[in-house]
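Here's an informal walk through this structure, meant to be read with the model open beside you. We'll begin with a single residue and work outward from there.

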Amino acid sequence: MFNSIQRLWPLAWIIFLDGLRRHAILGLLILAFALELSGFLFMDFIGHDIGRASSDFLFSILWIVGAFFLFFHAVQVISWDEEQGVIYALLSRAISRSEYVIGVFFGLTLLLLFLQLIIGIVALISLYVIQSQLDPVYFPLLFPSHFILAWLGLFMMQWVVLSVVVLFSGLVRGGFPVFILSLSFYFICSGLPVVREHLLRQQEMGIDTGFSPQIFKFLSALFPDFSRLDFKNSVVSLDIGMDNLDMFLNFGMSAVYVVLVTFLACKLYGRRDLY
């Protein structure tokens, strides 16, 4: 196992450095900082609950910038066209297909972590600056531990999506099909809980929907409920909204999902050519 890590780490590091060399991360950081600075311009127009509005705005920036990274840069790096031949394919000859997939995945994970860590630190500092400029009645509470928890939840969501991008890149060729499949996966994960709750309410009212709850349990295993990792409302609140055991289970199940999806991606890449 140690030898495998030694072989795949250089590829992961090259993916990370190549992302910096292409200025992809720099461009996203500049976009994030510009959006965060723009938040100071309209905060004066919010009359009440400025803390929650500021927190929601900054976490929206974190998600938007992460989505740009996932659906554009990550898709471009991991996707393969028929005529595309880059240094990653040449390097993959010296390692196994599974090590290639894991190396690329960890390289993109490092880029995503670096991006979200920098933006998250700036976002937390921005919240402290906003709070210091306001009367306590407008922004009474701010918990850094809750902010870190919300940041971890958002990063875990995007890590799940990144693993799915790697999986879809093993199913189809070309960046656009991988982009469409990955975007559809995110929309299904976001919309499925809403549909499930609506049908459950109809069943409680005695309306026959024709759907079995078992179907939604099966679909939830394929399409995770991202709302279970959404803790941004707790940043300015005493109540996290979930006990420690549930949080541990949600993060643990998400990590298991990433491992399983990456394992399937390794199997798919083992059955295809990289050219």
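Find L20 first: setting aside neighbours within four places in sequence, L20 is in contact with I25, L111 and F114. Keep in mind that what you're looking at is a predicted model. L20 lies in helix α1, and F114 lies in helix α5. The C-alpha atoms of L20 and L111 are 8.4 Å apart, although 91 residues separate the two along the chain.

Is L20 buried, partly exposed or exposed? L20 counts as partly exposed, because its relative accessible area is 31%. F114 is partly exposed too, with a relative accessible area of 30%. Both residues belong to a nonpolar surface patch, together with W9, W13 and L17. Taken together, the five have about 450 Å² of accessible area. Helix α1 brings the largest share of that patch, four residues.

**The overall fold**

Zooming out, the protein chain has nine helices and zero strands. Reading along the sequence, you just get α-α-α-α-α-α-α-α-α. The chain runs to 275 residues, and 44% of them count as buried. If you look at contacts with a separation of 6 or more, 82% of them are between residues 24 or more positions apart. As for the outside, the chain exposes about 14500 Å², and carbon and sulfur atoms supply 70% of that area.

**The core**

Now for the inside. The largest nonpolar core holds 73 residues, and the members touching the most others are F69, V104, L108, L115, F185, F226 and V235. Helices that each supply at least two residues of this core are α1 (2–21), α2 (24–42), α3 (50–78), α5 (97–132), α6 (144–171), α7 (175–204) and α9 (244–269). Which helix gives the most? That's α6, with 17 residues.

L115 is a good one to click on. Not counting residues up to four places away in sequence, L115 touches I25, L28, L29, V65 and F69. I25 is a name you've already met, as a contact of L20, and F69 is itself among the core members that touch the most others.

Another residue to look at is S182, found in helix α7. Is S182 buried or exposed? S182 has a relative accessible area of 1%, so it counts as buried. Leaving out residues up to four places away in sequence, S182 touches F71, V165 and F168.

**Salt bridges**

What about charged pairs? A search of the whole structure finds three salt bridges. Here they are, with the N to O distance for each.

| Acidic residue | Basic residue | N to O distance |
|---|---|---|
| D18 | R21 | 2.5 Å |
| D225 | R228 | 3.9 Å |
| D230 | K232 | 2.8 Å |

Take the D18 and R21 pair. Why are these two about one helical turn apart? Because they are three residues apart in helix α1. D18 counts as buried because its relative accessibility is 10%, whereas R21, at 56%, counts as exposed. Helix α1 is also the helix that brings four residues to the nonpolar patch.

In the second pair, D225 counts as buried at 15% relative accessibility, while R228 is partly exposed, with a relative accessible area of 45%. In the third pair, D230 counts as partly exposed at 36% relative accessibility, and K232 counts as partly exposed at 25%.

**How confident is the model?**

The chain averages a pLDDT of 81, and 85% of the residues score at least 70. Where is confidence lowest, and where is it highest? The low point among the helices is α4 (residues 87–91), with a mean of 51, and the high point is α6, at 92. Helix α6 is also the one that gives 17 residues to the core.

One more stretch to check is residues 82–86, where pLDDT stays under 50. For that stretch the model has five contacts beyond four places in sequence.

Terms used. Residues are numbered from 1 along each chain as its sequence is written. This is a predicted model: local features need pLDDT of at least 70, side-chain atom pairs count only at pLDDT 80 or more; totals for chains, interfaces and linings use all residues. Side-chain values use heavy atoms; hydrogens and water are left out. A nonpolar core is a set of buried Ala, Val, Leu, Ile, Met, Phe, Trp, Tyr and Cys residues joined through side-chain atoms within 4.5 Å. Buried means under 20% relative accessible area, exposed over 50%, partly exposed in between (1.4 Å probe, protein chains only). Contact means heavy atoms within 4.5 Å. pLDDT is the predictor's confidence in each residue, from 0 to 100. Patches are made of residues with over 30% relative accessible area and no salt bridge: like charges are joined within 9 Å, nonpolar side chains (Val, Leu, Ile, Met, Phe, Trp, Tyr) within 5 Å. Accessible areas come from the Shrake-Rupley method with a 1.4 Å probe; for residues, only the protein chains shown count as cover. A salt bridge is a side-chain nitrogen of Lys or Arg within 4 Å of a carboxyl oxygen of Asp or Glu.
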